[in-house]
Amino acid sequence: MKKFFIKIKDWFIRHKPSKRRLIQVYTALLYNCNIKGFFGSGANVIYRGNTKYACVPGLNCYSCPGAVGACPLGALQNALSASNYTAPYYILGILALFGLMLGRTICGFLCPVGLGQELLYKIKTPKLKKNRVTRVLSYFKYVILVVLVVILTLVISLSTGVATPAFCKYICPAGTFGGGVGLLSNPENSGFFAMLSGLFTWKFALLVVFIVLSIFIFRFFCRFICPLGAIYGFFNRFALLGVKLDKTKCTDCGLCVNHCKMDIKHVGDHECIECGECISVCPTQAISWKGSKIFLHPNAIEAEEKAPALSSLLEAGTTLNTNSQPVPVAPVESAVSVEEEVQPAVVDTAVQEPVEELKTASKPIVSDTVAKIKKRNKWLEISAWALALAFLVFAFVYYNFLAPVQSYIIYNEGDRCPDFTIQTYEGETTDKFTLTENRDKVVILNFWYTTCGPCVEELPHFNTFQENYKEEALVVAIHRNSGEDVQSFLYETGWDTYSITFAQDALVLEQGTAPLYESLGGKGAWPMTVVVDKSGRITTVRHGKMPYDELEKAYLKALNG
């Protein structure tokens with residue numbers, strides 16, 4: 001029995017996670033600590049609190065139910081979409097701050113997507129090692145950064161007037177996994193299946209490809225696809241934290257480059273994710289961490305570095321003169337001829353005695369210094385992990401139990417729609433729309449916003465429907481928030497001449513403070529269409545785009561009741 005427990009102990013020792021792995025798991029949990037989002041309903045599916053205005057360092061989808069922050073890459077594309085050729089200084093400043101502080105240390109320690117790929121790579125299969133081809137392909141992510149993230153995002157957004165984050169929309173596996181699979185895994189969001197299209201099929205297929213390739217190729221997405229890693233790579237050379245190479249100690253043995261699974265040419269270049277695994281394989285200890293003096297007192301670092309050197313110096317048989325210069329001790333012949341008279345070695349006591357004294361006295365001094373440094377560092381590490389764990393617990397408690405939730409009544413199909421009054425856009429003046437004043441018609445509420453591609457695409461056939469059924473139906477396109485940009489958007493697109501009524505979301509009078517979108521079952525995804533019959537009963541709630549023929553069917557259902 002004792003041997004059994006010893007084997008278990010040995011297994012845990014061999015398989016215990018590294019500090020880097022613990023930090024990766026910690027940040028993944030911290031970025032996605034809104035656990036209730038995976039089980040929530042209505043407006044509580046996606047957290048939209050104040051922290052969503054801040055970007056986390058790593059790639060983490062904004063639309064993931066657990067996410068409590070924004071993705072820097074998505075924020076950059078959204079900022080470019082709305083920039084109208086004006087530099088988005090805020091998000092560029094955030095990326096520069098992250099880059100100058102951490103560089104691609106973010107990739108190695110703080111990115112959930114990187115953690116997922118490393119865990120997939122642990123599956124025991126034949127692996128494709130890096131080579132000249134992979135090194136060339138590693139530059140493809142810079143092409144994606146320029147073409148998809150910048151150029152295509154700007155071109156599509158400025159030509160159509162609709163914000164289109166091209167990389168997020170067509171490729172990003174984090175968005176597919178978190179914002180797609182994460183939402184659809186909740187039965188409360190079954191209505192989202194109606195929103196799926198060929199684009200989701202394409203992205204889901206890409207996700208499967210990335211997962212499979214990550215099993216055989218180390219960090220496939222990071223090395224060849226990720227534009228966020230490409231951005232941080234520009235800062236590797238200047239970042240405060242990361243790994244550094246002391247060229248005076250380096251012998252160009254190549255062990256560090258061969259040991260690294262990334263496509264680096266030298267330690268700390270733009271492909272290096274600063275994981276630090278090369279430090280242990282360097283035979284001359286030429287690789288170390290940058291920024292160590294930020295966290296440790298300089299004297300402690302110098303003592304830790306010099307103590308072993310002093311010990312080895314004394315063991316080698318040298319002493320220090322008054323000018324602090326090493327003086328070699330004369331070697332004694334190990335063998336003599338039998339004919340020669342053996343003479344006792346003459347040793348200068350002025351040299352020998354200080355050497356022996358230094359050897360005897362320095363050992364406890366060196367060991368005590370190193371022991372103190374190790375003890376201090378151990379307590380610093382324990383304190384840091386304790387604070388980090390306390391912060392993580394606080395975050396879980398806050399987002400899951402203390403953060404404000406939408407507790408108002410949700411109206412579903414078959415319920416009577418509450419009466420409401422909303423502000424409308426009509427040319428250069430505004431008016432109001434009240435539901436009870438339009439009981440003589442079937443009211444179709446289409447919830448949209450200007451930067452939602454599917455929303456903008458379906459508005460023309462809603463206008464066609466309004467013109468065809470203007471005697472019995474009234475279409476009201478309700479923007480998710482107010483602002484002058486909505487009015488200017490209507491003017492620029494010519495939609496201020498449409499037959500449908502444009503309005504902004506407002507407060508439902510019967511409930512005081514509940515936005516109309518959330519009250520009628522909105523779950524944080526647009527567009528959404530709600531059909532209300534002449535008696536005020538909700539007959540249809542449709543999430544996602546609504547084709548013209550389905551719109552007609554929903555209208556006839558409400559008309560014939």
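**Reading surface, burial and helix packing**

Trainee: How many Å² does the accessible surface of the protein come to, and what percentage of it belongs to carbon and sulfur atoms?

Mentor: The accessible surface is about 30400 Å², and 63% of that belongs to carbon and sulfur atoms. Keep in mind as we go that this is a predicted model.

Trainee: And what share of the residues is buried?

Mentor: A residue counts as buried when its relative accessible area is under 20%. Of the protein's 561 residues, 44% meet that test.

Trainee: How many helices and strands does the secondary structure hold?

Mentor: There are 21 helices and 11 strands. Sequence distance is worth a look too: among contacts with a separation of 6 or more, 73% join residues 24 or more positions apart.

Trainee: Let me try one helix. Is α3 largely enclosed or largely open?

Mentor: Count its buried residues. Helix α3 spans residues 72-81, and 7 of its 10 residues are buried, so the rest of the structure largely encloses it. The buried ones are Pro72, Leu73, Gly74, Leu76, Gln77, Leu80 and Ser81.

Trainee: How do I read the packing of α3 against α4, and at what angle do they pack?

Mentor: Look at the angle between the axes and the distance separating them. Helix α4 covers residues 89-102; its axis and that of α3 are 9 Å apart, at an angle of about 150°. An angle over 145 degrees counts as roughly antiparallel, and α3 and α4 are therefore described that way. Their crossing is left-handed.

Trainee: Which residues make that contact?

Mentor: From α3 come Pro72, Ala75, Leu76 and Ala79, and from α4 come Ile91, Leu92 and Leu95. Sorted by class, the contact has 7 nonpolar residues, with no polar and no charged ones. Here is an idea to help you read such lists: an α-helix has 3.6 residues a turn, so residues three or four places apart point the same way.

Trainee: Now for α2 and α6. At what angle do their axes cross?

Mentor: Helix α2 (residues 19-31) and helix α6 (residues 112-121) have axes that come within 9 Å and cross at roughly 130°. That angle makes α2 oblique to α6. This crossing is left-handed. On the α2 side the contact uses Arg20, Arg21, Gln24, Val25, Ala28 and Tyr31, while α6 brings Pro112, Gly114, Leu115, Glu118 and Leu119. The classes here are 6 nonpolar, 2 polar and 3 charged residues.

Trainee: Can we zoom in on single residues? Where does Gly179 lie, and is Gly179 buried or exposed?

Mentor: Gly179 sits in helix α10, residues 173-184. Its relative accessible area is 17%, so Gly179 is buried. Beyond its neighbours within four places in sequence, Gly179 is in contact with Cys61, Ser63, Cys64 and Ala174. Gly179 and Asn60 are 119 residues apart along the chain, yet 9.7 Å separates their C-alpha atoms.

Trainee: And where does Ile171 lie?

Mentor: Ile171 is in the loop between α9 (166-170) and α10. With a relative accessible area of 14%, Ile171 is buried.

Trainee: Which residues is Ile171 in contact with, leaving aside its neighbours within four places in sequence?

Mentor: Ile171 is in contact with Leu148, Ala166, Lys203, Leu206, Phe210 and Ile225. As for Cys226, its C-alpha atom is separated by 9.9 Å from that of Ile171, with their positions 55 residues apart along the chain.

Notes
Residues are numbered from 1 along each chain as its sequence is written. This is a predicted model: local features need pLDDT of at least 70, side-chain atom pairs count only at pLDDT 80 or more; totals for chains, interfaces and linings use all residues. Side-chain values use heavy atoms; hydrogens and water are left out. Buried means under 20% relative accessible area, exposed over 50%, partly exposed in between (1.4 Å probe, protein chains only). Helices (H or I, at least four residues) and strands (E, at least two) are DSSP runs, numbered from the N terminus. Contact means heavy atoms within 4.5 Å. Accessible areas come from the Shrake-Rupley method with a 1.4 Å probe; for residues, only the protein chains shown count as cover. Axes are lines fitted to C-alpha atoms, for helices over the stretch in contact, and angles run from 0 to 180 degrees between N-to-C directions. Angles under 35 degrees count as roughly parallel, over 145 as roughly antiparallel, 65 to 115 as roughly perpendicular and the rest as oblique. A crossing is left-handed if the near helix is turned anticlockwise from the far one by less than a right angle, and right-handed if clockwise. Ala, Val, Leu, Ile, Met, Phe, Trp, Tyr, Cys and Pro count as nonpolar, Asp, Glu, Lys and Arg as charged, and the others, Gly among them, as polar.
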